[in-house]
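Colleague: Please take me through one part of this model closely, and set it against the chain as a whole. I would rather have one connected account than a list.

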Amino acid sequence: MSSQVRPPSEHEPTSDHFRILSIDGGGVRGVIPAVLLERLEELLKVALEKTRADPSAVEIAARWQIAPEPRIADCFHLIAGTSTGGLLAAALTVSDAQGRPKLSATATVDIWETHVAKIFKRPLLRNLLDHWNILLPRYPLIRLREVLEDPALFGDSLLKDARTDVLISTYDASLLRPRFFTRWGAPGASDVPTTRSETMVDAALATAAAPIYFDPHTLDLCCLVDGGMFAGNPALAAISMALRRTDDLAPRAPNELMMMSLGTGVWGRPLTYGWGGIFGWHRPRPGGGALLEALLAGQADFATEAAHMMLNGWSATPLPTTTPTSSGERGLTWWDPTLPPASLGGGPRFWRYQTPLPEPWAMDDVSRVAELKRLGLEMAQYFEDELRRIAEMLIQAGPVPPQ
């Protein structure tokens, strides 16, 4: 693995009182976290079967009678996502008529494999008349809507009926502020009236509407675009919400939280931006515009470091070496303003999962789905022991009570 990815950790995961799943944005690269969650869901089933066979774990097994086949949404109090991560958050929590999760983690992988070519297909006329996206976004959002409105996927499911709490981030270009879709009330500031009729499709379209790539999503006279404008990695937004999402007299404390944070792949080579003008920053490399890549990567790295320090702290941070290098210079010390990624996200409360990309694949490169799936499988195998321990902890903690 790359120096941008941490090694497997020996820390034991802790469940505490509030468990969070956070999923980054990244377009078609969302296949990577979907595949890791598919493996985690398989391990949940194994852990539950082991618990049911244990005579000393009768009480724990009894708690799982409400969820005989454990799903990801059964195990987390809050699932947060931005852009493709928001799509996954919605897909994992959309409920059926019985209030159970409608889609398995495997089904979310199938969404990408089956529908991604339709979602990221550019109209011929638009490509001919505006090849460089000077006037129009690259893809019409209507195609994503058509996919998600399939009754076998989201259909007309309402946000308020999600299996567990969700936090789906968007940016309101009309009011110039972040807007969060949740199931418990007003998405945004307290002066925005609660709209109980918001659908999962609305939330998914809003968080996926990345500027340049898709049209904005209009809802209640608001113009909503991708939450990656401020939270490509929604970990900090989820922690902030979790600390005050409580019926207790006082807000929660960071030591009561546990989070899994999933990335969508990282490319570690320097950005190239031409001569520094609009064209250079907008389309200089195979992976897409350097400006967008820099914004998303910078946000993700900062959110990872901040979340790690809030939940894991120094005691769980492998400190960089202070041994002099061959040139006589000393390595990073504890006070260095930027910690290396390999030191972050190894538990016990904050777990970060990321994988290096072999090439700077664009967020709309549908030809890479099979390779992205392979990277997700390799990441799951690399962290297999950790995922097994986390699955066992989640089963021991019991399912999140239905709303």
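Modeller: Two strands are said to pair if DSSP finds at least two bridges between them, and that is the sense in which I use the word for the hairpin, where I will start before turning to the interior. The model is a predicted one, and what follows should be read with that in mind.

In the hairpin, strand β3, residues 165-172, pairs with strand β4, residues 177-181, in the antiparallel sense over five bridges. Tyrosine 171 stands opposite proline 178 of β4. Four residues lie between the two strands, and in this hairpin leucine 176 takes a positive phi near 60 degrees.

The setting for the rest is a chain with 13 helices and eight strands, in which 54% of the 403 residues count as buried. Among contacts with a separation of 6 or more, 73% are accounted for by residues 24 or more positions apart. The accessible surface comes to about 18,000 Å², and carbon and sulfur atoms hold 58% of that area.

Alanine 208 gives a particular case of a contact between parts of the chain that are distant in sequence. It belongs to helix α7, which covers residues 200-208, and it counts as buried because its relative accessibility is 7%, where the cut-off is under 20%. Although alanine 208 and threonine 84 are 124 residues apart along the chain, their C-alpha atoms are separated by 6.3 Å. Once neighbours within four places in sequence are left aside, alanine 208 is in contact with Ser83, Leu87, Leu144, Phe214 and Asp226.

Some of these names come back in the lining of a cavity. Rolling a probe the size of a water molecule over the atoms shows where empty space is left. A search of the whole structure finds two cavities of 30 Å³ or more, and the largest has a volume of about 110 Å³. Its lining includes Thr84, Leu87 and Leu144, of which Leu87 and Leu144 are also contacts of alanine 208, while Thr84 is the residue whose C-alpha atom was compared with that of alanine 208. The rest of the lining is made up of Leu88, Ala91, Thr108, Ile111, Trp112, Ile119, Leu148 and Phe154. The elements that give two or more residues to this lining are α3 (84-93), α4 (105-119) and α6 (142-148). By residue type, the lining divides into nine nonpolar and two polar residues, with no charged ones.

Conventions
Residues numbered from 1 in each chain as written. Predicted model: local features only at pLDDT ≥ 70, side-chain atom pairs only at ≥ 80, totals over all residues. Heavy atoms only, no water. Buried < 20%, exposed > 50% of the residue type's maximum accessible area, 1.4 Å probe, protein only. Contact = heavy atoms within 4.5 Å. Areas by Shrake-Rupley, 256 points an atom, 1.4 Å probe, with all protein chains shown as cover. 1 Å grid on protein atoms, 1.4 Å probe; cavity = no way out; pocket = protein on both sides within 12 Å on 5 of 7 lines; lining within 4 Å. Points joined across faces, edges and corners; volume = space filled by probe spheres on them. Nonpolar A, V, L, I, M, F, W, Y, C, P; charged D, E, K, R; others polar.
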